[in-house]
Amino acid sequence: MYSELFLFQALLQAVLLGWLWRIWKTTGLLIAALLLIPQFGLVYDNLIVGLGRFIGFSPVLEALSWPRFWIHWLFGTWLIVASGVALRLAGFEFMRSARALVLFCALTFALMMYDVPHFWTDRLYPVCEFDLIRYSTAVSAETLCYEGQQVVRSTPPIPSIITCLIVIGAGALLMIKRRFPWMFLGGVLMLASAMPPLRTFKLDNFGEILIAGGCIYAIAHFARGRRPGRFARPTDPIA
């Protein structure tokens, strides 16, 4: 059941990937092109988890699992830049200066650097959960695969939490000032899905669909009518 759920989620993420491609081709917005990288990573992430049951624990599955984490560590915070661009496209006065967008980019880069040590400190371990067969950097007492396997604790995903909070904050501004609630709702539902009890049912990956979809929808909505080659300048400033 859960393997099929992850394969279905991979399909939904692929739909969002196609939407991003369309936004990029019709508007020429650089952010849409950049988001293709983490969005492809989300497709890959769900696909490998969904296929794990059919591949089985093996060096092949372990090798296929590593890119799932590399993509999250390097590109998982790029929704911060997407939030800044969405506010700029929506015409917020404080986003008129390029310096404001640079701050969003700088925070994104800082959080990427925060996650870089994972590349040489983390290892992958077998994880058995529901009907899923996968590798992860952490193993809880409920997901042990064999007798004698050790529990491996994980550190709080600080960059992911900060990214989610910034999406929620930017989404709240769009909801209050522009009556666009979808980015805010996507961020809130992502945060809720990563907490007990919803996390217990592996709904955090579905939450990734909602937060990514909210950000993509915001960019598409506020970039409506733009043409390739036109710089994404803010319009209709809001106090």
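Visitor: Why does Cys128 count as partly exposed?

Guide: Welcome! This is a predicted model, and the value for Cys128 in it is 24% relative accessibility. Buried would need a value under 20% and exposed one over 50%, so Cys128 is called partly exposed.

Visitor: How do you know that Cys128 and Cys145 are joined by a disulfide?

Guide: Their sulfur atoms are 2.2 Å apart, and the cut-off for a disulfide is 2.5 Å, so the pair counts as one. A search of the whole structure finds one disulfide. With 115 degrees about the S-S bond, the link of Cys128 and Cys145 is right-handed. Cys128 belongs to strand S1 and Cys145 to the loop between S2 and H7, so the link ties together parts that are 17 residues apart in sequence. Cys145, at 25% relative accessibility, is also partly exposed.

Visitor: What makes Cys105 unable to bond with Cys215?

Guide: Distance! The closest cysteine sulfur to that of Cys105 is in Cys215, 14 Å away, which is too far for a bond. Cys105 is partly exposed, at 36% relative accessibility. Cys164 is in no disulfide either; the sulfur of Cys215 is the nearest to it, at 9.3 Å. As for its surroundings, Cys164 has a relative accessible area of 4% and is therefore buried.

Visitor: How do you know that the length of helix H1 agrees with its number of residues?

Guide: Helix H1 covers residues 2-27, which is 26 residues, and at 1.5 Å a residue it should span 38 Å. Its end C-alpha atoms are 37 Å apart, so the two values agree. Just after H1 comes Gly28, with a positive phi of about 75 degrees.

Visitor: Which elements do the buried residues of H1 pack against?

Guide: They pack against helix H2 (30-55), strand S2 (132-136) and helix H9 (204-222). Among the buried residues of H1 are Phe6, Leu16, Leu20 and Ile23.

Visitor: What makes Arg68 and Asp45 a salt bridge?

Guide: Their closest N and O atoms are 2.4 Å apart, and a salt bridge asks for a distance within 4 Å, so the pair qualifies. The bridge links distant parts of the chain: Arg68 is in helix H3 (residues 59-75) and Asp45 in helix H2, 23 residues apart. Here is the general idea: side chains of opposite charge can pair when their charged atoms come close.

Visitor: Why are Arg68 and Asp45 called buried?

Guide: Arg68 has 8% relative accessibility and Asp45 has 3%. Buried means under 20%, so both residues earn the word.

Visitor: How many salt bridges does the structure hold?

Guide: There are five. One of them joins Asp131 to Arg53, with 2.9 Å from N to O. Asp131 sits in the loop between strand S1 (125-129) and S2, whereas Arg53 is in helix H2, 78 residues apart. Arg53 is partly exposed, at 32% relative accessibility. Together with Glu4, these two residues are linked in a network of salt bridges. Arg134 and Glu129 also meet in a salt bridge, at 2.7 Å, and both are buried.

Visitor: Why does Arg179 count as exposed?

Guide: Its relative accessibility is 77%, and exposed means over 50%, so Arg179 falls in that class. Arg179 is in the loop between helix H7 (158-178) and helix H8 (182-193). Its phi is near 55 degrees, a positive value in a residue other than glycine.

Visitor: What is the phi of Phe130?

Guide: Phe130 has a positive phi of about 55 degrees, although it is not a glycine. This residue lies in the loop between S1 and S2. With a relative accessible area of 47%, Phe130 is partly exposed.

Visitor: Which residues have the most contacts inside the largest nonpolar core?

Guide: They are Ile31, Leu35, Leu174, Met183 and Ile219, in a core of 45 residues. H9 gives the largest share, nine residues. Apart from this core lies another one, of eight residues, among them Trp66, Trp73, Leu124 and Tyr135. In soluble globular proteins, nonpolar side chains tend to be buried together.

Visitor: Which residues does Leu174 touch?

Guide: Leaving aside residues up to four places away in sequence, its contacts include Ala86, Leu87, Phe92, Met183 and Phe222. Arg179 is one of the residues that Leu174 touches, too.

Note on methods. Residues are numbered from 1 along each chain as its sequence is written. This is a predicted model: local features need pLDDT of at least 70, side-chain atom pairs count only at pLDDT 80 or more; totals for chains, interfaces and linings use all residues. Side-chain values use heavy atoms; hydrogens and water are left out. Helices (H or I, at least four residues) and strands (E, at least two) are DSSP runs, numbered from the N terminus. The expected span of a helix is 1.5 Å times one less than its number of residues. Buried means under 20% relative accessible area, exposed over 50%, partly exposed in between (1.4 Å probe, protein chains only). Contact means heavy atoms within 4.5 Å. A salt bridge is a side-chain nitrogen of Lys or Arg within 4 Å of a carboxyl oxygen of Asp or Glu. A nonpolar core is a set of buried Ala, Val, Leu, Ile, Met, Phe, Trp, Tyr and Cys residues joined through side-chain atoms within 4.5 Å.
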